[in-house]
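Here is a quick briefing for someone about to work with the coordinates. Please have the sequence and the 3D view open as you read.

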Amino acid sequence: MSPLVIAALGVLMVATAFLSGLFGMAGGLILIGVLLTILPLPSAMVLHAITQMASNGWRALLWRAHIRWRPVAVYMIGCGLALAIWSVTRYVPDKPIALLLLGVTPFMARLTPKGIKPNPDSIWQGTFYGSVCMGLMLMTGVSGPLMDTFFLGGNFGRREVVATKATCQVASHFTKLIYFGGIIDQAATLDPVLAGVAVAASMLGTTLARRILEAMSDTQFRTWANRLITTVASYYILYGGWLLLARNSAMAD
């Protein structure tokens, strides 16, 4: 990869880490879409995992006083179950299906009956969402708006949402790194220079977002976070649907 491309990716990683640092979401969703266009899927997944581990790890450290550890522990149980299942199948989906799954899941979460709305404090929901989100991450690279919707469904303040979700994401992306870096048949490798740029850029973007998050109210945070989820999810539905139609048309010809 040329120095110019690495520099451009570094700028993108700062921007997406800033977005994630502000809302605790969406930055990784945008980044994986770009990486999948320029890298083979396993390599994109490994680079994305390292970037997101750095971004979320630094964010969790900055907001460590606000982490809710019980939801983290329960969520990790679900992640472990998903990894055990996927290690047997070693399935890697194609891009259109992955994008459609990313777009549809948050709307499905919002349509659940009121009595079982997402609740991060629930043990069974934490295990269930941990398994589903980890499975989605191993198919698409990110757990997507579904995980964001889950954490916004509780009575967490904005700092608790950002801190707790970041801690869960470190575990999720580490699991993804293990899967795509060693378990699948075509495991990926990564340029150490690019990995170093990814870590530095992620930490910088996360740090820049902290002061703005402090200035926001919980109401503003939830309002803009939900709008962001809806926008990104809708885009992926449209993009994934277009790719699927284009592929089917090409096969028909």
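Two residues are in contact when heavy atoms of theirs lie within 4.5 Å. With that cut-off, and leaving aside neighbours within four places in sequence, His48 touches Gly28, Leu31, Ile32, Leu35, Gly141, Val142, His173 and Lys176. Note that this is a predicted model.

**Overall fold**

- The protein has 10 helices and 0 strands. Along the sequence the pattern reads α-α-α-α-α-α-α-α-α-α.
- The radius of gyration is 17 Å, and the globule rule gives 18 Å for 253 residues, so the protein is as compact as a globular protein of that length.
- The C-alpha trace spans about 50 × 40 × 30 Å along its principal axes.
- Buried residues make up 51% of the 253.
- Take the contacts between residues at least 6 apart in sequence: 83% of them join residues at least 24 apart.

**His48**

- His48 sits in helix α3, residues 41–62.
- Its relative accessible area is 0%, so His48 is buried. The cut-off for buried is under 20%.
- Its contacts include His173 and Lys176, as well as Gly141 and Val142.

**Helix α4 and the loop after it**

- The 21 residues of α4 should span 30 Å at 1.5 Å a residue. The end C-alpha atoms are 31 Å apart, which agrees.
- Buried residues in α4 are Pro71, Val72, Val74, Tyr75, Gly78, Cys79, Ala82, Leu83 and Trp86.
- An α-helix has 3.6 residues a turn, so residues three or four places apart point the same way.
- Arg90, just after α4, takes a positive phi of about 55°.
- Asp94 lies in the loop between α4 (69–89) and α5 (95–110).
- Asp94 has 29% relative accessibility, so it counts as partly exposed.
- Asp94 and Thr140 are 46 residues apart along the chain, yet their C-alpha atoms are separated by 8.9 Å.

**Helix α9**

- Helix α9 covers residues 192–215, which is 24 residues. From first C-alpha to last it reaches 36 Å, close to the 34 Å expected at 1.5 Å a residue.
- Where is the kink in α9 centred? It is centred on Ala209, with an angle of about 30°.
- Ala209 is also one of the buried residues of α9. The others are Leu194, Ala195, Ala198, Ala201, Ser202, Gly205, Thr206 and Leu213.

**Aromatic rings**

- The whole structure holds 7 aromatic pairs.
- In one of them, the ring centres of Phe150 and Phe151 are 5.2 Å apart and the planes are at 70°, so the pair is edge-to-face. Planes over 60 degrees apart meet that label.
- The rings of Tyr179 and Phe180 also form an edge-to-face pair, because their planes are at 90°, with centres 5.0 Å apart.
- Phe150 counts as buried at 2% relative accessibility. Phe151 counts as buried at 0%.
- Tyr179 and Phe180 are both buried.
- Ring pairs link Tyr75, Phe128, Tyr129, Phe150 and Phe151 into a cluster. Tyr75 is also among the buried residues of α4.

**A charge over a ring**

- Which residue lies over the face of Trp224? Arg227 does, at 4.7 Å from the ring centre.

Key: Residues numbered from 1 in each chain as written. Predicted model: local features only at pLDDT ≥ 70, side-chain atom pairs only at ≥ 80, totals over all residues. Heavy atoms only, no water. Helix = DSSP H or I, 4+ residues; strand = E, 2+ residues; numbered from the N terminus. Expected span 1.5 Å × (residues − 1). Bend = angle between axes of the 7 residues up to and from the residue. Buried < 20%, exposed > 50% of the residue type's maximum accessible area, 1.4 Å probe, protein only. Phe/Tyr/Trp six-rings, centres within 6.5 Å; stacked < 30°, edge-to-face > 60°. Lys NZ or Arg CZ within 6 Å of the ring centre and 35° of its normal. Rg over C-alpha atoms; globule rule 2.2 N^0.38 Å.
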